[in-house]
Amino acid sequence: MSKYKSYYFCGIGGSGMLPLAMIVRENGADVAGSDRALDQGRLAAKFEWLKAKGIGLFAQDGSGLTSGDQILIASAAIEDSVPDVAKANSLGCARMTRAELLAEQFNGSPRSIAIGGTSGKSTVTGMIGWILTEAGLDPTIMNGAVMKNFVADDAPFASSRVGDGGIMVSEVDESDGSIALFDPEIAVLNNVSLDHKSLEELRQLFGDFAGKAKHCIWNRDDAETAALVDGLDLSDAISFGFSEGAEFQATDIEEAPISSRFTLQSRGKQFQVAMQVPGRHNIANALAAIAAASAIGVPVATSVAAISRFNGLARRFDVVGTVNDISVIDDFGHNPDKIAATLKTMKAFPGRIIAFFQPHGFGPIHKMGAELAQVFADILDGDDCVVLCDPVYFGGTVDRSIGSESITDAVNAAGGRADHIAGRPDCGEHIVQIARPGDRIVIMGARDDTLSIFASDILAKLAAS
């Protein structure tokens with residue numbers, strides 16, 4: 001699929017590009033690339049690691065493209081005027097999107113598991129990958145987040161894994177419609193809710209995704225998913241959830257601040273499950289993963305043992321540290337469902353919540369700003385507060401007429417407490433000033449790896465204060 005080919009990744013440091021670059025590199029291809037963050041001097045450790053892996057890195061000025069035999073991997077939205085694209089066009093290079101290359105790798109695998117849904121994809125992907133690895137099936141895993149179980153001295157950015165077992169596990173994306181490119185043996189459908197596309201578009205995409213698979217693993221607790229599955233003629237649909245009737249059902253749930261326990265009821269048998277990650281949403285994720293592993297032949301008892309050793313993902317309710325009885329948590333929450341899951345997990349235990357949110361663009365505010373505000377207003381109460389900076393913006397043409405203040409205004413109008421402070425560094429100073437013992441500070445947002453640095457900086461400032 002990739003052997004003897006030469007790929008050039010425009011944006012190689014991105015959460016979707018980097019793991020795919022590593023997969024095709026491990027499969028024998030030549031890989032090089034450029035990245036705006038590299039040009040700007042950001043995320044130096046990541047790029048040093050890529051260089052150490054033998055990947056050539058170049059300025060994003062077209063200089064890394066030297067032959068028409070190279071295949072340019074770039075977003076479909078990147079304009080032809082971008083130097084890398086202009087150079088590739090002048091050389092006659094073939095061009096693929098990240099999703100097209102991933103689908104080529106995925107569909108060429110003898111066995112495959114694709115994880116779709118608005119929320120939880122990365123975690124379920126990591127859980128399935130870990131279960132299959134522990135079961136000795138040696139999978140290849142493509143994830144959009146660093147999987148802590150696979151982190152090592154020579155793999156600090158372990159968002160992918162390459163195995164020889166002939167099984168590929170990958171999350172697939174509905175936001176750009178590319179989920180339609182994938183033909184999985186097993187399709188996992190976590191949920192269907194508002195994010196980048198309208199519900200009508202999502203129903204079509206997810207319905208087609210589920211209908212193509214030999215096995216569909218679906219969430220009985222999600223009304224949209226249940227309605228979707230009910231309208232399809234599926235060859236083998238396996239349900240999971242908390243609801244009566246789910247083939248993989250969680251009962252007797254015990255939540256703790258950074259862990260959880262439950263009883264798994266599956267096909268007439270019971271299994272006691274202990275996890276190192278918190279929240280009902282992670283219990284649902286575990287059910288999906290165990291069900292998917294079962295569909296590919298892993299005994300449930302093997303999956304339960306593996307899931308007890310699953311350490312989670314970077315930036316998914318990732319506890320950065322605690323100082324002066326104040327905890328800082330780094331989280332990928334950026335749409336209503338993800339943010340609600342994180343905040344509900346935190347609200348299950350005492351302590352004020354200071355929620356910082358950096359919107360992942362101006363477009364998402366247009367699409368779901370009202371819903372985001374409603375989540376903050378509904379779940380947070382009392383002394384809890386929300387702090388928003390301006391949306392992440394790396395350039396390009398976009399409608400910036402509606403910004404973060406539209407969310408904070410709506411939260412305050414609903415009786416909540418929210419502040420819009422344009423600059424992120426100023427938000428950090430404000431949070432340090434208002435924090436007090438017993439608080440939990442959660443840093444939320446997507447499309448910006450420097451949010452983890454921001455979270456660590458807040459923890460350091462709290463320690464010094």
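How many bridges join strand 13 to strand 14, and in which sense do the two strands run? In the predicted model, strand 13 (residues 248-256) and strand 14 (residues 259-266) run antiparallel and are joined by 7 bridges. The connection between strand 13 and strand 14 is a hairpin of 2 residues. Within this pair, Ala256 of strand 13 faces Ser259 of strand 14 as its opposite residue.

Strands 13 and 14 belong to an open sheet of 10 strands with mixed pairing, in which the strand order is 8-7-9-6-10-11-12-13-14-15. The edges of this sheet are formed by strand 8 (160-161) and strand 15 (269-275); each has a single partner strand, so one side of each lacks a neighbour in the sheet. Parallel pairing is found between strand 11 (residues 215-219) and strand 12 (residues 237-241), which share 4 bridges. Ile217 is placed opposite Ile238 of strand 12. Strand 12 also pairs with strand 13 in the parallel sense, over 2 bridges, and here Phe240 stands opposite Phe248 of strand 13.

Two helices that lie across strands of the 10-strand sheet were examined. Helix 6 (residues 121-134) lies across strand 6 (111-116), strand 7 (140-142), strand 8, strand 9 (167-171), strand 10 (186-189) and strand 15. Relative to strand 9, helix 6 runs at about 160 degrees. Helix 7 (residues 199-212) lies across strand 6, strand 10 and strand 11, and its angle to strand 10 is about 145 degrees.

Helix packing was described next. Two packed helices are described by the angle between their axes and the distance between the axes. For helix 6 and helix 9 (residues 280-295), the axes come within 9 Å and cross at roughly 45 degrees. Helix 6 and helix 9 are therefore oblique to each other, and the crossing is right-handed. On the side of helix 6, the contact is made by Thr123, Val124, Met127, Ile128, Ile131 and Leu132. Helix 9 contributes Asn282, Asn285, Ala286, Ala288, Ala289, Ile290, Ala292 and Ala293.

Helix 9 also packs against helix 10 (residues 300-307), with axes that come within 9 Å and cross at roughly 140 degrees. This angle makes helix 9 oblique to helix 10. Helix 9 passes helix 10 in a right-handed crossing. The contact involves Ala286, Ile290 and Ala293 of helix 9, together with Val300, Ser303, Val304 and Ile307 of helix 10. Ala286, Ile290 and Ala293 of helix 9 also take part in the contact with helix 6.

A further open sheet has 6 strands in the order 16-17-21-18-19-20, again with mixed pairing. Its edges are strand 16 (318-323) and strand 20 (418-420), each with a single partner strand, so one side of each is left without a neighbour in the sheet. Direction ignored, neighbouring strands of this sheet are turned by 15 degrees against each other on average. Strand 17 (residues 326-331) pairs with strand 21 in the parallel sense over 5 bridges, and the bridge partner of Ile329 in strand 21 is Val442. Helix 11 (residues 336-347) lies across strand 17, strand 18 and strand 21, and runs at about 170 degrees to strand 21.

Helix 14 (residues 424-434) has the buried residues Arg424, Cys427, Gly428, Ile431 and Val432. These residues cover an arc of only 135 degrees around the axis, which puts them on the same side of helix 14. Pro425 and Gln433 are exposed and lie on the face turned away from the buried side. The buried residues of helix 14 pack against strand 18 (353-358), strand 19 (385-388), strand 21 (440-445) and helix 15 (450-464).

In the N-terminal part of the numbering, Ile12 was considered individually. Ile12 is located in the loop between strand 1 (6-10) and helix 1 (17-26). With a relative accessibility of 0%, Ile12 counts as buried. Apart from neighbours within four places in sequence, the contacts of Ile12 include Met17, Leu18 and Ala21, the run Val31, Ala32, Gly33, Ser34 and Asp35, and also Phe47, Leu50, Ile55 and Leu57. Leu57 is 45 residues from Ile12 along the chain, and the C-alpha atoms of the two residues are separated by 8.7 Å.

How values were computed
Residues are numbered from 1 along each chain as its sequence is written. This is a predicted model: local features need pLDDT of at least 70, side-chain atom pairs count only at pLDDT 80 or more; totals for chains, interfaces and linings use all residues. Side-chain values use heavy atoms; hydrogens and water are left out. Two strands pair if DSSP finds at least two bridges between them. Contact means heavy atoms within 4.5 Å. Axes are lines fitted to C-alpha atoms, for helices over the stretch in contact, and angles run from 0 to 180 degrees between N-to-C directions. Buried means under 20% relative accessible area, exposed over 50%, partly exposed in between (1.4 Å probe, protein chains only). The arc is that of the directions from the helix axis to the C-beta atoms. Angles under 35 degrees count as roughly parallel, over 145 as roughly antiparallel, 65 to 115 as roughly perpendicular and the rest as oblique. A crossing is left-handed if the near helix is turned anticlockwise from the far one by less than a right angle, and right-handed if clockwise.
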